[in-house]
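Here are my notes on the model you passed along. Have it open while you read, since the points go element by element.

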Amino acid sequence: MEISYKRAGSCGGLGLALAGRQRRRSRRGAGCGLPLSAIFLLLAGRPLLSQQQPTFSTDVKVVNILATVREKKGPIVRNLTKDDFTLEESGRPQIIRYFSRETDLPLTLGLLVDTSLSQRRVLDQERGASYTFLEQMMRPKDMAFVIHFEGEAELLQDLTSSLRLLESALATLDTPQLNQGGGNWPGAGGRGRGMGAAGGTALYDAVYLASNELMRKQSGRKALIILSDGVDNASKVTLATAIESAQRADTLVYSILFSDEAAYGTGGGFGGPPMGGGVGFPGGGGMGRRGGSRRYPYPQPQAVHPDGRKILERISNETGARLFEVSKKQSVEQIYASIEEQLRNQYSLGYTPENTDASAGYRKISLKTKEKDQIVQTRDGYYPGP
């Protein structure tokens with residue numbers, strides 16, 4: 001699978017896209033649409049680079065684990081010691097040799113914002129809450145970036161510690177506009193973007209590119225935050241590949257499920273005939289005479305879309321993070337506050353595994369506390385080598 005990337009003129013960011021689709025010109029001005037192109041080959045099934053691990057003078061590899069502990073009813077546990085934990089790798093007990101509470105390590109954050117049509121009615125809330133979170137979370141030594149994804153993944157702002165640049169990137173977030181005259185649905189090419197932009201969502205591609213192109217090059221604490229309904233119908237990589245890329249980059253992936261069910265059914269959504277991953281033509285339960293299609297005569301069936309909640313839950317669970325869902329009881333602002341609390345209250349544990357075979361595959365880790373009423377939130381394994 002080819003991956004191409006381009007640096008966007010004066011935009012201060014790097015536009016990322018999966019090759020094989022014609023790259024669209026930026027909506028933010030002609031200066032952002034002229035690429036300095038560089039194309040390189042990466043196979044989706046090919047092993048990725050190993051996660052960065054400290055190597056000491058004895059050349060012993062140390063496996064580092066970041067963990068958050070909370071009571072079953074929710075409160076974060078902040079006062080544990082090394083002796084409060086038990087650790088196993090592949091069922092074998094391990095000695096925890098390094099232990100500390102991490103509240104001061106540099107943090108790298110990535111915001112992955114779904115700007116497909118299904119998110120158009122909730123995007124303003126996501127934009128405002130995201131900036132408030134960055135403003136409260138980031139310190140001078142922390143860095144963040146912003147990616148948005150619809151039919152393609154695009155980096156709006158490269159890694160920076162500047163809140164001004166991050167705010168500018170968030171301000172550019174928008175969704176494709178419905179063209180009531182017909183011609184802006186998947187395949188019609190109303191904006192010259194075809195299925196990928198008007199009706200597609202490349203969630204897995206966004207996670208894959210953020211992990212491989214940005215996170216794997218960073219050290220310290222790393223976390224991605226996805227704002228999406230979890231539906232993917234345009235990615236070139238699989239869900240499993242996206243998760244593996246985040247695991248290899250040693251990156252937590254928090255998910256914020258922001259679902260607008262009306263976007264997929266009648267009454268203002270785009271529940272037309274199913275295409276690709278299940279999302280059909282925009283324009284409600286049927287486009288009627290004005291935007292109709294001879295191939296799909298009126299009335300048109302309602303689209304069936306995947307269970308985005310299960311998808312996001314899997315991504316977060318398998319990378320050591322959590323899924324949150326926006327609801328009447330829990331706002332996106334409250335969710336961001338919970339993520340901030342978790343990132344500020346982590347334990348760092350390190351051990352030297354007995355098995356030194358770097359060619360071995362994924363190794364399972366089990367980290368628990370001796371107190372049964374406590375929940376340990378951490379990754380469930382690691383890749384020991386390239």
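The points below cover two sheets, a helix pair and an aromatic pair.

1. Ground rules. This is a predicted model, so I kept to its cut-offs: local features need pLDDT of at least 70, side-chain atom pairs count only at pLDDT 80 or more, and totals for chains, interfaces and linings use all residues. Numbering starts from 1 along each chain as its sequence is written, and side-chain values use heavy atoms, with hydrogens and water left out.

2. One sheet to look at is open, with four strands in the order β7-β14-β4-β16 and antiparallel pairing. Strands here are DSSP runs of E with at least two residues, helices are runs of H or I with at least four, both numbered from the N terminus; two strands pair if DSSP finds at least two bridges between them. At the edges sit β7 (98-102) and β16 (374-377), each pairing on one side only. Neighbouring strands of this sheet are turned by 30° against each other on average, direction ignored (axes are lines fitted to C-alpha atoms, for helices over the stretch in contact, with angles from 0 to 180 degrees between N-to-C directions).

3. Inside that sheet, β4 (residues 63-71) and β14 (residues 346-351) are joined antiparallel by five bridges. To find the register, look for Leu66, which stands opposite Ser348 in β14.

4. There is also an open four-stranded sheet, β6-β5-β15-β17, again with antiparallel pairing. Its edges are β6 (92-93) and β17 (381-382); each has a single partner strand, so one side of each is left without a neighbour in the sheet. β5 and β6 run antiparallel, joined by two bridges, and Glu89 stands opposite Arg92 in β6.

5. Now the helices: α1 (residues 123-137) packs on α7 (residues 332-343) at about 30°, axes 9 Å apart. The two are therefore roughly parallel (angles under 35 degrees count as such, over 145 as roughly antiparallel, 65 to 115 as roughly perpendicular, the rest as oblique). On the α1 side, Gln125, Ala129, Ser130, Phe133, Gln136 and Met137 meet Val332, Glu333, Tyr336, Ile339, Glu340 and Leu343 of α7 (contact means heavy atoms within 4.5 Å).

6. Which residues make the tilted aromatic pair worth a look? They are Phe85 and Phe99, at 5.8 Å centre to centre and 50° between the planes (rings of Phe, Tyr and Trp, its six-membered ring, pair if their centres lie within 6.5 Å; planes under 30 degrees apart are stacked, over 60 edge-to-face, the rest tilted). Phe85 is in β5 (residues 85-89) and Phe99 in β7, 14 residues apart.
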